[in-house]
Amino acid sequence: MEPDQPRPHTPLVVYRTQYGHAQSYAEWLAEDLGAMLVNLGDKPDPDLSTASVVILVCPIYARSYYGAKEFSLLVENHPDIPLVGASVGASDPENPENIQAYKALIKATFSEGIQSRMQWFHLRGGLDYPRMSHAHRAMMWMVSRAAKRKGAKGDAESQMMYETYGQVIDFRDRSTIEPIVEYVRGLSSRPDPAP
Ligand SMILES: Cc1cc2nc3c(=O)[nH]c(=O)nc-3n(C[C@H](O)[C@H](O)[C@H](O)COP(=O)(O)O)c2cc1C
């Protein structure tokens with residue numbers, strides 16, 4: 001491309017992470033979509049004028065989306081750019097109870113303006129207890145106590161959560177990004193900047 005020609009629009013993947021699960025999904029998405037990749041934890045200032053779509057990959061911590069604030073600040077003044085969200089949690093995204101919880105969280109977290117142009121997907125990360133901070137391990141201890149009680153009443157996901165406390169569980173699965181890749185490829189592209 002000539003140096004003074006405008007750059008074509010490309011997708012932008014932004015993410016936050018504590019233990020790398022969301023980062024893996026963000027990297028896979030960037031690779032499959034030929035997207036720019038930005039870690040919101042680095043306090044970046046990406047140029048959104050060339051973004052065809054902004055895809056947020058955010059882990060769930062104690063029922064909040066890690067990176068939501070930075071993402072909202074980044075996109076709030078760009079109402080013409082389509083948005084995609086991909087949450088990454090330890091909970092099973094196929095479980096209807098969890099899907100309801102993700103929806104409630106989206107409603108509580110993002111402004112209506114952002115919600116209205118955001119398509120969501122839900123991915124499964126993992127729990128890496130040996131690498132966890134003391135604070136996180138302590139929080140998960142409380143979660144595992146509650147999970148034990150729910151598990152005893154027949155909830156299989158809770159039982160698994162309780163039984164795997166302290167171990168490494170990794171649900172990352174590259175094939176689960178396929179619907180996101182398909183959705184982003186199907187978006188009608190923003191007109192490229194005029195030469
Ligand atoms: C302290 C703590 C709280 C968590 N809270 C939730 C939660 O509310 N819902 C959920 O689905 N997963 C929860 N998780 C699991 C994380 O979302 C999961 O470990 C995810 O893969 C983390 O991604 P990351 O490694 O990119 O930070 C929690 C994990 C920790 C350590």
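This report describes the strands, one helix, the turn residues and the ligand shell of a predicted model.

## Basis of the description

Residues are numbered from 1 along each chain, in the order in which its sequence is written. The model is predicted: local features need pLDDT of at least 70, side-chain atom pairs count only at pLDDT 80 or more, and totals for chains, interfaces and linings use all residues.

Helices (H or I, at least four residues) and strands (E, at least two) are DSSP runs, numbered from the N terminus. A residue is called buried if 20 or more other C-beta atoms lie within 10 Å of its own, exposed if 12 or fewer, and partly exposed in between, with C-beta atoms placed from the backbone.

## Strand β1 and its partners

Two strands are said to pair if DSSP finds at least two bridges between them. Strand β1 (residues 10-15) runs parallel to strand β2 (residues 36-39), and 4 bridges join them. The chain passes from β1 through α1 to β2 in a right-handed β-α-β crossover. Right-handed here has a fixed sense: with the strands pointing away from the viewer, the path from the first strand over the helix to the second runs clockwise. Within the pairing, Tyr-15 has Asn-39 of β2 as its bridge partner, and Val-13 has Leu-37 of β2.

Strand β1 is also parallel to β3, with 5 bridges between them. Here Val-13 stands opposite Ile-55, and Val-14 stands opposite Leu-56. Val-13 is thus paired with Leu-37 in β2 and with Ile-55 in β3. Because 5 of its 6 residues are buried, β1 is largely enclosed by the rest of the structure.

## Strand β3 and the hairpin

Strand β3 (51-61) is mostly covered, with 9 of its 11 residues buried. Besides pairing with β1, it runs parallel to β5, to which 6 bridges join it. Ile-55 has Val-84 as its bridge partner in β5 and stands opposite Val-13 of β1.

Strand β3 pairs with β4 in the antiparallel sense, over 2 bridges, and Ile-60 stands opposite Tyr-65. The two strands form a hairpin with 2 residues between them. Ala-62, in the loop between β3 and β4, has a positive phi of about 45° although it is not a glycine. Arg-63 is placed in the loop between β3 and β4 and has a positive phi of about 55°, although it is not a glycine. Ala-62 is exposed because 9 other C-beta atoms lie within 10 Å. Arg-63 is exposed because 12 other C-beta atoms lie within 10 Å.

## Helix α2

Which residues of helix α2 (residues 68-75) are buried? They are Ala-68, Phe-71, Leu-74 and Val-75. These residues cover an arc of only 125° around the axis, so they lie on the same side of α2. The arc is that of the directions from the helix axis to the C-beta atoms. A general rule helps in reading this pattern: an α-helix has 3.6 residues a turn, so residues three or four places apart point the same way.

The buried residues of α2 pack against β1, β3, β4 (64-65), β5, α3 (96-109) and α4 (112-115).

## Two residues beside β1

Pro-8 lies in the segment before β1. It is exposed because 12 other C-beta atoms lie within 10 Å. The C-alpha atoms of Pro-8 and Ala-51 are separated by 8.7 Å, although the two residues are 43 residues apart along the chain.

Thr-17 is in the loop between β1 and α1. It counts as buried because it has 21 C-beta neighbours inside 10 Å. Two residues are in contact if their C-beta atoms, placed from the backbone, lie within 7 Å. Leaving aside neighbours within four places in sequence, Thr-17 is in contact with Ala-22, Gln-23 and Pro-59.

## The shell around the ligand

A residue is near the ligand if its C-beta atom, placed from the backbone, lies within 6 Å of it. There are 23 residues around the ligand, and Tyr-19, Ala-22, Pro-59, Gly-89 and Gly-125 come nearest. At least two residues of the shell are supplied by each of α1 (21-33), β3 (51-61), β5 (83-89), β7 (126-128) and α5 (134-152).

How many residues of the shell are nonpolar, polar and charged? The shell divides into 12 nonpolar, 10 polar and 1 charged. In this count Ala, Val, Leu, Ile, Met, Phe, Trp, Tyr, Cys and Pro are nonpolar, Asp, Glu, Lys and Arg are charged, and the others, Gly among them, are polar.
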